[in-house]
Amino acid sequence: MQLDWTALGQVAAVSIGVTVAVVVVFALGVLGLARVETAREENGTGSTVGLTQAGLCFVACAAVVAYGIYLIVPQFH
């Protein structure tokens, strides 16, 4: 019976870790958008670095969500 609880604990730890990682990456994307808005307010042009940061972070989040859906829905594999 000990093995069952160990597996459950491992799944919970991985789930919490991935959730925290996705939230952090999403927050970095929002920070990138904030940089773009700040640059527009200060000098009238957007920040290319901020826009790139936001785009990469949001694409990474979308990829993680798509992979999760792929793993959950049995019709995809």
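These are my notebook entries on a predicted model of a single chain.

**Overall form**

I began with the secondary structure and found two helices and zero strands in the chain. I then looked up the extent of the C-alpha atoms, which fill a box of roughly 65 × 30 × 10 Å when taken along the principal axes. The radius of gyration fits with that outline, for the chain has 18 Å, whereas a compact globule of 77 residues would have a value near 11 Å.

Next I turned to burial and surface, and noted that buried residues make up 12% of the 77 residues in the chain. The chain exposes about 5,900 Å², and carbon and sulfur atoms supply 74% of that area. For the contacts with a separation of 6 or more, I recorded that 41% come from residues 24 or more positions apart.

**Helix α2 and its buried residues**

I checked the length of helix α2, which covers residues 48–72. Its 25 residues, at 1.5 Å a residue, should span 36 Å, and the end C-alpha atoms are 36 Å apart, so the expected span and the model agree.

Which residues of α2 are buried? I listed G50, Q53, A54, C57 and C61. Of these I followed up Q53, a residue of helix α2, because a polar side chain in that list seemed worth a closer look; its relative accessibility is 16%, and buried means under 20%, so Q53 counts as buried.

What does Q53 contact, once its neighbours within four places in sequence are left aside? I found L28, L31, G32 and R35. For L28 I also noted a polar approach, in which the backbone oxygen of L28 lies 2.9 Å from a polar atom of the Q53 side chain.

**The salt bridge in helix α1**

I searched for salt bridges and the count came to one. It joins the side chains of R40 and E37, with a distance of 3.4 Å from N to O. Where do the two partners lie? Both R40 and E37 are in helix α1 (residues 2–43), three residues apart, which is about one turn of the helix.

I then asked how accessible the partners are, buried or exposed. R40 has a relative accessible area of 46% and is therefore partly exposed, and E37, with a relative accessible area of 41%, is likewise partly exposed.

**Distances between residues far apart in sequence**

I took three pairs to compare separation along the chain with separation in space. The pair V18 and V64 is 46 residues apart along the chain, and their C-alpha atoms are separated by 9.1 Å. V18 belongs to helix α1 and is partly exposed, since its relative accessible area is 41%.

For the next pair I used I16, also placed in helix α1, and L71; these are 55 residues apart along the chain, with 17 Å between their C-alpha atoms. I16 has a relative accessible area of 56%, and exposed means over 50%, so I entered I16 as exposed.

The last pair was V73 and N43, which are 30 residues apart in sequence and 47 Å apart in space, C-alpha to C-alpha. V73 sits in the segment after α2, and I marked this residue as partly exposed because its relative accessible area is 24%.

Definitions and conventions. Residues numbered from 1 in each chain as written. Predicted model: local features only at pLDDT ≥ 70, side-chain atom pairs only at ≥ 80, totals over all residues. Heavy atoms only, no water. Salt bridge = Lys/Arg side-chain N within 4 Å of Asp/Glu carboxyl O. Helix = DSSP H or I, 4+ residues; strand = E, 2+ residues; numbered from the N terminus. Buried < 20%, exposed > 50% of the residue type's maximum accessible area, 1.4 Å probe, protein only. Expected span 1.5 Å × (residues − 1). Polar contact = N/O pair within 3.5 Å; in protein donor to acceptor, adjacent residues only side chain to side chain. Contact = heavy atoms within 4.5 Å. Rg over C-alpha atoms; globule rule 2.2 N^0.38 Å. Areas by Shrake-Rupley, 256 points an atom, 1.4 Å probe, with all protein chains shown as cover.
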